[in-house]
Amino acid sequence: MKREDHTPMNPVVELRSDTFTLPTPRMLEAASRARLGDDVYGEDPTVTELEELSAELLGKPAACFMPSGTMANLAALLTHSPRGGKAVVGAESDIYVYEAGGASVVGGIVYEPVSAAADGTLPLDVVAEACEVDADDPQFALPAVLSLETPHNRRGGIPLPLDYLGRAAALARTHGIALHLDGARIFNAAIALGVPAADIAAHADTVQFCLSKGLSAPVGSMLAGDGASIATARRYRKMLGGGMRQAGLVAACGIVALTEMAERLADDHAHAARLAAGLAGIDGLRLDPEPPRTNMVFFAVDPDRTPHTTATLLADAAARGVRLAELGRDRIRAVTHSGVTADDVDRAVEVLADVLAAAPAAAPAAAPAAQGAAR
Ligand SMILES: Cc1ncc(COP(=O)(O)O)c(C=O)c1O
(Lines give C-alpha, C1' and ligand atoms only; values in the text may rest on other atoms or scores of the structure.)
Protein backbone atom coordinates (compact mmCIF):
# COMPACT_ATOMS: atom_id res chain seq x y z
CA MET A 1 0.00 0.00 0.00
CA LYS A 2 1.34 3.43 -0.95
CA ARG A 3 1.10 6.58 1.02
CA GLU A 4 -0.68 9.15 -1.17
CA ASP A 5 2.12 11.66 -0.97
CA HIS A 6 4.86 9.06 -1.52
CA THR A 7 5.70 8.88 -5.21
CA PRO A 8 9.05 8.59 -7.00
CA MET A 9 8.69 12.31 -7.79
CA ASN A 10 7.86 13.21 -4.23
CA PRO A 11 9.69 10.86 -1.88
CA VAL A 12 8.91 11.33 1.76
CA VAL A 13 10.97 9.91 4.60
CA GLU A 14 8.41 9.62 7.37
CA LEU A 15 10.24 9.58 10.67
CA ARG A 16 7.62 11.22 12.89
CA SER A 17 6.33 7.95 14.31
CA ASP A 18 5.95 4.24 13.67
CA THR A 19 2.20 4.90 13.86
CA PHE A 20 2.49 6.02 10.22
CA THR A 21 3.13 2.44 9.06
CA LEU A 22 0.73 1.17 6.42
CA PRO A 23 -0.75 -2.34 6.27
CA THR A 24 1.29 -4.79 4.20
CA PRO A 25 -0.14 -6.53 1.09
CA ARG A 26 -0.31 -9.75 3.15
CA MET A 27 -2.45 -7.96 5.73
CA LEU A 28 -4.85 -6.70 3.07
CA GLU A 29 -5.08 -10.18 1.61
CA ALA A 30 -5.70 -11.71 5.05
CA ALA A 31 -8.38 -9.09 5.75
CA SER A 32 -10.14 -9.87 2.51
CA ARG A 33 -10.26 -13.59 3.35
CA ALA A 34 -10.98 -13.28 7.10
CA ARG A 35 -13.76 -15.35 8.60
CA LEU A 36 -16.06 -12.91 10.39
CA GLY A 37 -18.75 -12.87 13.05
CA ASP A 38 -20.14 -10.55 15.69
CA ASP A 39 -17.34 -10.13 18.21
CA VAL A 40 -19.59 -8.56 20.86
CA TYR A 41 -21.26 -12.00 20.89
CA GLY A 42 -17.75 -13.52 21.02
CA GLU A 43 -18.41 -15.03 17.60
CA ASP A 44 -15.73 -13.56 15.38
CA PRO A 45 -13.32 -16.46 14.83
CA THR A 46 -10.53 -14.21 13.55
CA VAL A 47 -10.64 -11.99 16.64
CA THR A 48 -10.63 -15.10 18.82
CA GLU A 49 -7.61 -16.42 16.94
CA LEU A 50 -5.77 -13.11 17.43
CA GLU A 51 -6.61 -13.07 21.13
CA GLU A 52 -5.38 -16.65 21.59
CA LEU A 53 -2.19 -15.96 19.67
CA SER A 54 -1.49 -12.79 21.67
CA ALA A 55 -2.09 -14.54 25.00
CA GLU A 56 0.27 -17.32 23.96
CA LEU A 57 3.02 -14.93 22.82
CA LEU A 58 2.81 -13.02 26.10
CA GLY A 59 2.54 -16.17 28.23
CA LYS A 60 -0.78 -15.06 29.73
CA PRO A 61 -4.01 -17.05 30.06
CA ALA A 62 -6.16 -14.53 28.15
CA ALA A 63 -6.14 -11.46 25.91
CA CYS A 64 -8.69 -8.99 24.58
CA PHE A 65 -8.58 -7.12 21.27
CA MET A 66 -8.91 -3.38 21.86
CA PRO A 67 -9.36 -0.57 19.32
CA SER A 68 -6.34 1.36 20.65
CA GLY A 69 -3.54 1.37 23.18
CA THR A 70 -5.27 4.20 24.99
CA MET A 71 -8.38 2.11 25.53
CA ALA A 72 -6.36 -0.95 26.52
CA ASN A 73 -4.48 1.08 29.16
CA LEU A 74 -7.69 2.67 30.41
CA ALA A 75 -9.53 -0.66 30.62
CA ALA A 76 -6.56 -2.08 32.57
CA LEU A 77 -6.50 0.76 35.10
CA LEU A 78 -10.29 0.56 35.53
CA THR A 79 -9.90 -3.18 36.07
CA HIS A 80 -7.26 -2.78 38.76
CA SER A 81 -8.52 0.26 40.65
CA PRO A 82 -11.81 1.21 42.30
CA ARG A 83 -13.08 4.80 42.12
CA GLY A 84 -10.93 6.91 44.39
CA GLY A 85 -8.03 4.46 44.16
CA LYS A 86 -4.55 5.57 43.22
CA ALA A 87 -2.58 4.72 40.07
CA VAL A 88 1.17 5.30 40.40
CA VAL A 89 2.31 6.25 36.89
CA GLY A 90 5.34 7.73 35.17
CA ALA A 91 5.21 11.52 34.95
CA GLU A 92 6.40 11.25 31.32
CA SER A 93 4.41 8.11 30.48
CA ASP A 94 1.91 7.92 27.64
CA ILE A 95 -0.82 7.12 30.14
CA TYR A 96 -0.18 10.31 32.08
CA VAL A 97 0.81 12.71 29.30
CA TYR A 98 -1.11 11.63 26.21
CA GLU A 99 -4.28 9.79 27.23
CA ALA A 100 -6.48 12.73 28.21
CA GLY A 101 -6.59 11.78 31.88
CA GLY A 102 -8.98 8.92 31.09
CA ALA A 103 -8.56 6.94 34.30
CA SER A 104 -9.31 10.07 36.30
CA VAL A 105 -12.18 11.28 34.10
CA VAL A 106 -13.86 7.93 33.56
CA GLY A 107 -12.78 5.95 36.59
CA GLY A 108 -12.36 8.52 39.34
CA ILE A 109 -8.83 7.19 39.77
CA VAL A 110 -6.17 9.48 41.23
CA TYR A 111 -2.89 9.55 39.30
CA GLU A 112 0.29 9.83 41.34
CA PRO A 113 2.97 10.77 38.80
CA VAL A 114 6.55 9.72 39.52
CA SER A 115 9.35 11.18 37.40
CA ALA A 116 11.28 8.54 35.48
CA ALA A 117 15.06 8.28 35.63
CA ALA A 118 17.01 8.79 32.40
CA ASP A 119 16.67 5.06 31.61
CA GLY A 120 12.88 5.10 31.90
CA THR A 121 12.72 3.34 35.27
CA LEU A 122 10.58 4.84 38.02
CA PRO A 123 12.81 4.96 41.13
CA LEU A 124 11.41 2.21 43.34
CA ASP A 125 12.06 4.08 46.58
CA VAL A 126 9.79 6.86 45.29
CA VAL A 127 7.21 4.32 44.11
CA ALA A 128 7.36 2.66 47.54
CA GLU A 129 6.72 6.01 49.20
CA ALA A 130 3.67 6.52 46.98
CA CYS A 131 2.41 3.09 48.06
CA GLU A 132 3.06 3.50 51.78
CA VAL A 133 -0.32 4.73 52.88
CA ASP A 134 -2.04 4.13 56.17
CA ALA A 135 -5.10 2.19 55.02
CA ASP A 136 -6.95 3.08 58.23
CA ASP A 137 -6.50 6.82 57.71
CA PRO A 138 -9.50 8.08 55.74
CA GLN A 139 -7.53 10.99 54.30
CA PHE A 140 -5.69 8.96 51.71
CA ALA A 141 -6.48 7.54 48.29
CA LEU A 142 -5.48 3.88 48.48
CA PRO A 143 -2.88 2.71 45.97
CA ALA A 144 -4.33 0.13 43.57
CA VAL A 145 -2.01 -0.14 40.58
CA LEU A 146 1.52 0.67 39.44
CA SER A 147 1.89 1.30 35.72
CA LEU A 148 5.24 1.09 33.90
CA GLU A 149 6.06 1.76 30.24
CA THR A 150 8.51 -0.25 28.14
CA PRO A 151 10.21 0.82 26.01
CA HIS A 152 9.78 4.25 27.56
CA ASN A 153 8.92 6.59 24.68
CA ARG A 154 9.79 9.95 26.24
CA ARG A 155 12.95 8.49 27.78
CA GLY A 156 14.52 7.61 24.43
CA GLY A 157 12.76 4.32 23.64
CA ILE A 158 14.79 2.50 26.27
CA PRO A 159 13.52 -0.95 27.35
CA LEU A 160 13.15 -1.52 31.09
CA PRO A 161 15.67 -4.13 32.32
CA LEU A 162 14.15 -7.47 33.37
CA ASP A 163 15.68 -7.34 36.85
CA TYR A 164 14.10 -3.91 37.38
CA LEU A 165 10.71 -5.30 36.32
CA GLY A 166 11.21 -8.16 38.78
CA ARG A 167 11.91 -5.74 41.61
CA ALA A 168 8.95 -3.54 40.63
CA ALA A 169 6.67 -6.61 40.60
CA ALA A 170 7.91 -7.66 44.03
CA LEU A 171 7.24 -4.15 45.35
CA ALA A 172 3.72 -4.18 43.88
CA ARG A 173 3.07 -7.57 45.49
CA THR A 174 4.35 -6.33 48.85
CA HIS A 175 1.84 -3.50 48.75
CA GLY A 176 -0.98 -5.66 47.38
CA ILE A 177 -1.35 -3.60 44.22
CA ALA A 178 -1.43 -4.67 40.57
CA LEU A 179 1.36 -4.06 38.06
CA HIS A 180 0.23 -2.93 34.63
CA LEU A 181 2.70 -2.68 31.78
CA ASP A 182 2.17 -0.28 28.89
CA GLY A 183 4.19 -2.33 26.43
CA ALA A 184 2.98 -0.45 23.36
CA ARG A 185 6.24 -1.51 21.67
CA ILE A 186 6.94 -4.64 23.75
CA PHE A 187 8.31 -6.54 20.76
CA ASN A 188 10.90 -3.79 20.23
CA ALA A 189 11.83 -4.14 23.90
CA ALA A 190 12.05 -7.93 23.52
CA ILE A 191 14.43 -7.61 20.58
CA ALA A 192 16.57 -5.04 22.37
CA LEU A 193 16.82 -7.28 25.45
CA GLY A 194 17.24 -10.47 23.41
CA VAL A 195 14.38 -12.26 25.18
CA PRO A 196 10.87 -13.43 24.23
CA ALA A 197 8.13 -10.86 24.95
CA ALA A 198 6.70 -13.35 27.47
CA ASP A 199 9.79 -12.88 29.68
CA ILE A 200 8.94 -9.18 29.95
CA ALA A 201 5.21 -9.75 30.38
CA ALA A 202 5.81 -12.36 33.09
CA HIS A 203 6.39 -9.61 35.65
CA ALA A 204 3.09 -7.80 35.07
CA ASP A 205 -0.52 -8.62 35.91
CA THR A 206 -1.73 -7.00 32.70
CA VAL A 207 0.16 -5.93 29.59
CA GLN A 208 -1.00 -3.87 26.65
CA PHE A 209 0.81 -3.81 23.32
CA CYS A 210 0.00 -2.05 20.05
CA LEU A 211 -0.42 -3.79 16.71
CA SER A 212 -0.56 -0.45 14.94
CA LYS A 213 2.97 0.84 15.56
CA GLY A 214 6.11 -0.96 14.38
CA LEU A 215 4.10 -4.14 13.76
CA SER A 216 2.38 -2.15 11.00
CA ALA A 217 -1.26 -3.22 11.41
CA PRO A 218 -3.69 -0.39 10.69
CA VAL A 219 -5.67 -0.59 13.94
CA GLY A 220 -5.66 -2.22 17.33
CA SER A 221 -3.99 -3.16 20.55
CA MET A 222 -4.10 -6.20 22.80
CA LEU A 223 -4.57 -6.39 26.55
CA ALA A 224 -3.30 -9.62 28.08
CA GLY A 225 -3.56 -10.97 31.61
CA ASP A 226 -5.32 -13.55 33.74
CA GLY A 227 -8.81 -14.70 32.80
CA ALA A 228 -10.68 -12.72 35.46
CA SER A 229 -8.87 -9.42 34.71
CA ILE A 230 -9.42 -9.79 30.98
CA ALA A 231 -13.12 -10.62 31.48
CA THR A 232 -13.48 -7.41 33.52
CA ALA A 233 -11.50 -5.40 30.97
CA ARG A 234 -13.75 -6.77 28.21
CA ARG A 235 -16.74 -5.35 30.06
CA TYR A 236 -14.98 -1.96 30.30
CA ARG A 237 -14.17 -2.17 26.59
CA LYS A 238 -17.90 -2.44 25.87
CA MET A 239 -18.67 0.41 28.26
CA LEU A 240 -16.09 2.61 26.55
CA GLY A 241 -17.60 1.93 23.13
CA GLY A 242 -14.87 -0.44 22.03
CA GLY A 243 -17.07 -3.47 21.31
CA MET A 244 -16.51 -3.91 17.58
CA ARG A 245 -18.73 -6.19 15.56
CA GLN A 246 -17.01 -7.80 12.52
CA ALA A 247 -13.63 -6.81 13.93
CA GLY A 248 -12.00 -9.85 12.32
CA LEU A 249 -11.40 -7.61 9.32
CA VAL A 250 -8.73 -5.73 11.27
CA ALA A 251 -7.82 -8.62 13.58
CA ALA A 252 -6.67 -10.48 10.46
CA CYS A 253 -4.09 -7.74 9.93
CA GLY A 254 -3.06 -8.13 13.57
CA ILE A 255 -2.41 -11.84 13.08
CA VAL A 256 -0.11 -11.08 10.14
CA ALA A 257 1.51 -8.33 12.24
CA LEU A 258 2.37 -10.81 14.98
CA THR A 259 3.43 -13.69 12.76
CA GLU A 260 5.35 -11.76 10.10
CA MET A 261 6.32 -8.33 11.39
CA ALA A 262 7.72 -8.84 14.90
CA GLU A 263 11.12 -10.27 14.02
CA ARG A 264 11.81 -7.65 11.37
CA LEU A 265 11.73 -4.94 14.08
CA ALA A 266 15.45 -5.73 14.42
CA ASP A 267 15.87 -4.02 11.01
CA ASP A 268 14.26 -0.88 12.44
CA HIS A 269 16.71 -0.93 15.33
CA ALA A 270 19.63 -1.29 12.89
CA HIS A 271 18.23 1.63 10.88
CA ALA A 272 17.93 3.73 14.04
CA ALA A 273 21.58 2.98 14.85
CA ARG A 274 22.55 3.93 11.28
CA LEU A 275 20.59 7.16 11.57
CA ALA A 276 22.19 8.00 14.93
CA ALA A 277 25.66 7.36 13.52
CA GLY A 278 24.89 9.68 10.58
CA LEU A 279 23.46 12.42 12.80
CA ALA A 280 26.45 12.21 15.15
CA GLY A 281 28.62 13.41 12.27
CA ILE A 282 26.56 16.57 11.62
CA ASP A 283 27.85 19.77 13.14
CA GLY A 284 25.03 21.53 14.99
CA LEU A 285 23.21 18.42 16.27
CA ARG A 286 23.49 16.64 19.61
CA LEU A 287 22.27 13.09 20.17
CA ASP A 288 20.38 12.49 23.39
CA PRO A 289 20.55 9.77 24.58
CA GLU A 290 23.01 7.79 22.54
CA PRO A 291 23.12 5.21 21.10
CA PRO A 292 19.47 4.27 20.44
CA ARG A 293 18.33 1.02 22.01
CA THR A 294 15.24 0.44 19.88
CA ASN A 295 13.70 2.29 16.91
CA MET A 296 13.85 5.84 18.26
CA VAL A 297 16.56 8.44 17.83
CA PHE A 298 16.42 11.59 19.94
CA PHE A 299 18.48 14.63 19.18
CA ALA A 300 18.60 18.38 19.60
CA VAL A 301 19.85 21.44 17.78
CA ASP A 302 23.01 22.82 19.39
CA PRO A 303 22.34 26.58 19.58
CA ASP A 304 26.06 27.30 20.04
CA ARG A 305 26.88 25.82 16.65
CA THR A 306 24.03 26.77 14.31
CA PRO A 307 21.56 29.61 13.75
CA HIS A 308 18.87 26.96 13.31
CA THR A 309 16.21 26.37 15.93
CA THR A 310 14.21 23.19 16.41
CA ALA A 311 11.35 24.84 14.52
CA THR A 312 13.42 25.94 11.50
CA LEU A 313 15.18 22.58 11.30
CA LEU A 314 11.88 20.68 11.31
CA ALA A 315 10.33 23.01 8.75
CA ASP A 316 13.33 23.02 6.39
CA ALA A 317 13.71 19.24 6.62
CA ALA A 318 9.98 18.76 5.97
CA ALA A 319 10.23 21.02 2.90
CA ARG A 320 12.84 18.56 1.60
CA GLY A 321 10.62 15.53 2.37
CA VAL A 322 12.11 14.46 5.72
CA ARG A 323 9.49 14.50 8.44
CA LEU A 324 10.56 14.61 12.06
CA ALA A 325 8.65 15.45 15.21
CA GLU A 326 9.32 17.56 18.23
CA LEU A 327 8.79 15.81 21.52
CA GLY A 328 9.04 18.30 24.29
CA ARG A 329 10.70 21.65 23.89
CA ASP A 330 13.90 21.47 21.84
CA ARG A 331 13.85 17.68 21.57
CA ILE A 332 13.51 16.03 18.18
CA ARG A 333 12.47 12.42 17.69
CA ALA A 334 13.01 10.24 14.63
CA VAL A 335 11.37 6.82 14.58
CA THR A 336 12.30 4.06 12.16
CA HIS A 337 9.74 1.51 10.96
CA SER A 338 8.76 -0.77 8.10
CA GLY A 339 8.25 2.21 5.76
CA VAL A 340 11.84 3.42 6.21
CA THR A 341 14.68 1.76 4.29
CA ALA A 342 18.45 2.12 4.78
CA ASP A 343 18.42 4.42 1.72
CA ASP A 344 15.74 6.55 3.37
CA VAL A 345 17.94 6.83 6.45
CA ASP A 346 20.89 7.93 4.32
CA ARG A 347 18.71 10.46 2.55
CA ALA A 348 17.49 11.85 5.87
CA VAL A 349 21.08 12.27 7.08
CA GLU A 350 22.02 13.99 3.81
CA VAL A 351 19.03 16.35 3.97
CA LEU A 352 19.70 17.26 7.61
CA ALA A 353 23.37 17.91 6.87
CA ASP A 354 22.36 20.18 3.95
CA VAL A 355 19.76 22.00 6.03
CA LEU A 356 22.25 22.68 8.81
CA ALA A 357 24.90 23.81 6.36
CA ALA A 358 22.50 26.48 5.06
CA ALA A 359 20.85 29.44 6.77
CA PRO A 360 17.32 28.79 8.04
CA ALA A 361 14.85 29.15 5.17
CA ALA A 362 11.69 28.76 7.17
CA ALA A 363 10.22 31.69 9.04
CA PRO A 364 10.70 31.17 12.78
CA ALA A 365 7.66 29.30 14.05
CA ALA A 366 6.09 29.44 17.47
CA ALA A 367 7.90 27.33 20.05
CA PRO A 368 6.43 23.84 20.32
CA ALA A 369 4.30 22.98 23.31
CA ALA A 370 6.42 21.62 26.14
CA GLN A 371 4.81 18.19 25.94
CA GLY A 372 5.17 17.96 22.16
CA ALA A 373 2.94 16.01 19.84
CA ALA A 374 4.97 12.92 18.98
CA ARG A 375 3.78 9.53 20.28
C1 LIG B 1 3.91 4.12 24.92
C2 LIG B 1 2.55 4.27 24.34
N3 LIG B 1 1.49 3.79 25.00
C4 LIG B 1 0.24 3.91 24.53
C5 LIG B 1 0.00 4.52 23.32
C6 LIG B 1 -1.43 4.70 22.86
O7 LIG B 1 -1.73 3.95 21.74
P8 LIG B 1 -2.92 4.41 20.76
O9 LIG B 1 -2.38 5.52 19.93
O10 LIG B 1 -3.22 3.18 19.98
O11 LIG B 1 -4.06 4.84 21.61
C12 LIG B 1 1.06 5.03 22.58
C13 LIG B 1 0.80 5.69 21.29
O14 LIG B 1 1.60 6.21 20.62
C15 LIG B 1 2.37 4.91 23.10
O16 LIG B 1 3.44 5.39 22.45
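Strand β7 (residues 206–210) pairs with β8 in the antiparallel sense, over five bridges. Here helices (H or I, at least four residues) and strands (E, at least two) are DSSP runs, numbered from the N terminus, and two strands pair if DSSP finds at least two bridges between them. In general, strands of a sheet pair through backbone hydrogen bonds, either parallel or antiparallel.

The model is predicted: local features need pLDDT of at least 70, side-chain atom pairs count only at pLDDT 80 or more, and totals for chains, interfaces and linings use all residues. Residues are numbered from 1 along each chain as its sequence is written.

**Strand β8 and its partners**

Within the pairing of β7 and β8, Phe 209 stands opposite Met 222. Strand β2 (residues 62–66) is also joined to β8, by five bridges, and these two strands run antiparallel. Ala 62 has Gly 225 of β8 as its bridge partner.

How many of the five residues of β8 are buried? Strand β8 (residues 221–225) has five of its five residues buried. A residue is buried if 20 or more other C-beta atoms lie within 10 Å of its own, exposed if 12 or fewer, and partly exposed in between, with C-beta atoms placed from the backbone. Both faces of β8 are covered, with Ser 221, Leu 223 and Gly 225 on one side and Met 222 and Ala 224 on the other.

Met 222 can also be described through its contacts, where two residues are in contact if their C-beta atoms, placed from the backbone, lie within 7 Å. Leaving aside neighbours within four places in sequence, Met 222 is in contact with residues including Ser 54, Ala 63, Phe 65, Gln 208 and Phe 209.

**The nonpolar cores**

A nonpolar core is a set of buried Ala, Val, Leu, Ile, Met, Phe, Trp, Tyr and Cys residues joined through C-beta atoms within 7 Å. The largest such core has 80 residues, and those that touch the most other members are Ala 63, Ala 75, Leu 146, Met 222, Leu 223, Ala 224 and Cys 253. Helix α11 (residues 248–260) supplies the largest share of this core, eight residues. Another core, of 28 residues, lies apart from it and has Val 13, Met 296, Val 322 and Ile 332 among its members.

**Two domains**

The chain is divided into domain 1 (13–21 + 264–357) and domain 2 (25–260), with bounds that come from an automatic or database domain assignment. The centres of the two domains, taken over C-alpha atoms, are separated by 28 Å. Where they meet, 18 residues of domain 1 are in contact with 17 residues of domain 2. On the side of domain 1 that touches domain 2, the elements giving two or more residues are α12 (265–280) and β10 (296–301). Of these, α12 gives the most, with four residues.

**An open sheet**

An open sheet of four strands has the order β9-β10-β13-β12, with antiparallel pairing. Its edge strands are β9 (285–287) and β12 (325–326), each of which pairs on one side only. Three bridges join β9 to β10, and Leu 285 has Val 301 in β10 as its bridge partner.

**Notable backbone geometry**

The peptide bond from Thr 150 to Pro 151 is cis, with omega near -15°. Pro 151 is found in the loop between β5 (143–149) and α7 (162–174). Two residues other than glycine have positive phi values, as tabulated below.

| Residue | Phi | Loop | C-beta neighbours within 10 Å | Exposure |
|---|---|---|---|---|
| Ala 100 | near 60° | between α4 (94–97) and α5 (102–107) | 11 | exposed |
| Asp 330 | about 60° | between β12 and β13 (332–335) | 17 | partly exposed |

**The chain as a whole**

The chain contains 14 helices and 13 strands. The C-alpha atoms fill a box of roughly 65 × 55 × 35 Å, taken along the principal axes. The radius of gyration of the chain is 21 Å, which agrees with the value near 21 Å for a compact globule of 375 residues. This radius is taken over C-alpha atoms, and the globule rule is 2.2 Å times the number of residues to the power 0.38. Buried residues make up 51% of the 375 residues. Among contacts between residues at least 6 apart in sequence, 74% join residues at least 24 apart.
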